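Reader: Please take one helix packing in this model and look at it closely. Then follow its residues outward into the rest of the chain.

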Amino acid sequence: MSSQSSHHGSTAPGINVGVVGATGVVGETFLLLLASRAFPVGELRLFASDASKGLKKKFEGREIEIRVLEEGCFDGLDIVFFSSGDDISAEWAPKAAKAGAIAIDNSGAFRMHHDISLAVPEVNGHLLPKLKRGERPGSAAQIIANPNCSTIQLVVALKPLADRYGLEFVRVSSYQSVSGAGKNGIEELLTQTKIAVEGEEPAKGRTFPKVIAFDSIPQIGSFTTDGSANDGFCSEEIKIMKETRKILALPDLKVSAFTVRVPTLNSHAETVWVTLKKPVNNRDEVESTLSSGEGIEVFKFAEGMDYPTQSFASGQDPVYVGRVHKDPNDANTWMMWVVSDNLRKGAALNGIQIAEKLYGL
Ligand SMILES: NC(=O)c1ccc[n+]([C@@H]2O[C@H](COP(=O)([O-])OP(=O)(O)OC[C@H]3O[C@@H](n4cnc5c(N)ncnc54)[C@H](OP(=O)(O)O)[C@@H]3O)[C@@H](O)[C@H]2O)c1
């Protein structure tokens, strides 16, 4: 902990924070939210690649120079948020933990490790350890994984249904924005769109497997082709299926995911077919159950048949649910549309909420 008092007037010591990947779209969202949520930041250390070394970022009137990762760079930090990809997290998150900090990792490197928490505070936040302000995490230091962005919004929406009715089967198809692939994904959509609008044929870029401008791509990540039950699934789909079971603590839940990249800038949408353990006939009851969940806002059918869109959800914190209706083919199955900002609830907001929960903020 830093001895300085926190910026919002509290006399409790500030929490010393590191952000790895501070120049990326998730890293920038971390900085935005740390400030807007008045997280009591003591010292703030920002890390990125060699290419960004020495650049400066503003945070609440402070000007902070971007550093690169090097031995000892986490000494004295309490929490380090990682958003620089799997390889960087795999190498550096254990070093942050060893230096006595809690590493909150946005990558896929640790999510399915059996001894690492995969945390969504609204769903399984009770499993997180409790830390005292003014006391360094020290020996309690560890790695906590932030789930995949599409998984987070799905489990937030499923949680109240699981608690009230039990879940039998979840089928989900996603419509995922280009910001889910980082700053290069956004750049690729904008560049290709401009070329197409000018009447030229855009070439395939480096981020997506096909041209994304004015098209949808039914592949996120690489395909499994090992002849197993996962053969033909792409990695994003497998993440959703495995992580959902782990976070909800329902190892036998049937989850089937199909993920699609669409040419929207930000926020992911999902169509979800959720089969409950018992029949429920009343839409109001299902919508009210969803509304009772933490972090969810429901567009109710009776209130004008409106629904959330991806641009509506962008820059917002909640997981929005709309279009709740019953599958006429099965008494226990309800269909719904789930939308949330992948950079906020799908990444940085969830990470900060984990930190807030740790410190009881
Ligand atoms: N985008 C999402 O919706 C989302 C959601 C959940 C989780 N995530 C995860 O969050 C991570 C970052 O995603 P992003 O979307 O923010 O990507 P991004 O916009 O491409 O940003 C990547 C960040 O990593 C930094 N970086 C690259 N090489 C580095 C190195 N050797 N050492 C330190 N930093 C390095 C980059 O720094 P430079 O600017 O210097 O290159 C940049 O700050 C990934 O693990 C991703 O899977 C993303």
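## The α1–α9 packing and its surroundings

Author: Helix α1 passes helix α9 in a right-handed crossing. The model is a predicted one, and every value below is computed from it. Helix α1 covers residues 25-36 and helix α9 covers residues 344-358. Their axes lie 9 Å apart and meet at an angle of about 50°. Angles under 35 degrees count as roughly parallel and those from 65 to 115 as roughly perpendicular, so α1 and α9 are classed as oblique to each other. On the α1 side the contact is made by V26, T29, F30, L32, L33 and L34. On the α9 side it is made by R344, A347, A348, L349, G351 and I352.

Which residues does A347 touch, beyond those up to four places away in sequence? They are V26, N106, N146, I152 and N342. V26 is one of the α1 residues in the helix contact, and A347 itself sits in helix α9. A347 has a relative accessible area of 5% and is therefore buried, the limit for that class being under 20%. For a distance along the chain, take D78: A347 is 269 residues from D78 in sequence, and their C-alpha atoms are 19 Å apart.

N342 leads on to S179, since a contact with N342 is listed for S179 as well as for A347. S179 is found in the loop between β9 (167-176) and α5 (182-197). Its relative accessibility is 2%, so S179 counts as buried. Leaving out neighbours within four places in sequence, S179 is in contact with V25, I186, L265, N266, S267, N342 and L343. V25 belongs to the stretch assigned to α1, and I186 falls within the residues of α5.

The loop that follows α1 holds a residue with an uncommon sign of phi. A38 lies between α1 and β2 (41-47), and its phi is near 55°, a positive value in a residue other than glycine. With 27% relative accessibility, A38 counts as partly exposed. A positive phi of about 55° is found again at M305, which is not a glycine either. M305 lies in the loop between β12 (296-298) and α8 (310-313). Its relative accessible area is 55%, so M305 is classed as exposed.

Next, the interior. The largest nonpolar core has 55 residues, and those with the most contacts inside it are F74, L167, V274 and M336. Helix α4 (residues 149-165) supplies the largest share of this core, nine residues. At least three residues come from each of domain 1 (15-145) and domain 2 (150-177 + 216-342). Apart from it lies another core, of 35 residues, among them V17, V25, I64 and I79. V25 of this second core is the residue named above as a contact of S179.

Within the largest core, L167 is worth a separate look. L167 is found in strand β9, and at 6% relative accessibility it counts as buried. Neighbours within four places in sequence aside, L167 is in contact with L158, L161, A162, L248, L250, L253, V274, T275, L276 and K277. V274 is one of the residues with the most contacts in the largest core. The C-alpha atoms of L167 and T333 are separated by 9.9 Å, although the two are 166 residues apart along the chain.

Two of the residues that L167 touches, L158 and L248, belong to a second helix packing, that of α4 with helix α6 (residues 235-248). Here the angle is about 40° and the axes are 9 Å apart. By the cut-off of 35 degrees for roughly parallel, α4 and α6 are therefore oblique to each other. α4 passes α6 in a right-handed crossing. From α4 the contact takes C149, S150, T151, L154, V155, L158 and K159, and from α6 it takes E236, K239, I240, E243, T244, I247 and L248.

How do the domains stand around these elements? The domain assignment gives domain 1 (15-145) and domain 2 (150-177 + 216-342). Their centres, taken over C-alpha atoms, are separated by 28 Å. The contact between them takes 11 residues from domain 1 and 13 residues from domain 2.

Technical notes:
Residues are numbered from 1 along each chain as its sequence is written. This is a predicted model: local features need pLDDT of at least 70, side-chain atom pairs count only at pLDDT 80 or more; totals for chains, interfaces and linings use all residues. Side-chain values use heavy atoms; hydrogens and water are left out. A nonpolar core is a set of buried Ala, Val, Leu, Ile, Met, Phe, Trp, Tyr and Cys residues joined through side-chain atoms within 4.5 Å. Buried means under 20% relative accessible area, exposed over 50%, partly exposed in between (1.4 Å probe, protein chains only). Helices (H or I, at least four residues) and strands (E, at least two) are DSSP runs, numbered from the N terminus. Domain bounds come from an automatic or database domain assignment. Contact means heavy atoms within 4.5 Å. Axes are lines fitted to C-alpha atoms, for helices over the stretch in contact, and angles run from 0 to 180 degrees between N-to-C directions. Angles under 35 degrees count as roughly parallel, over 145 as roughly antiparallel, 65 to 115 as roughly perpendicular and the rest as oblique. A crossing is left-handed if the near helix is turned anticlockwise from the far one by less than a right angle, and right-handed if clockwise.
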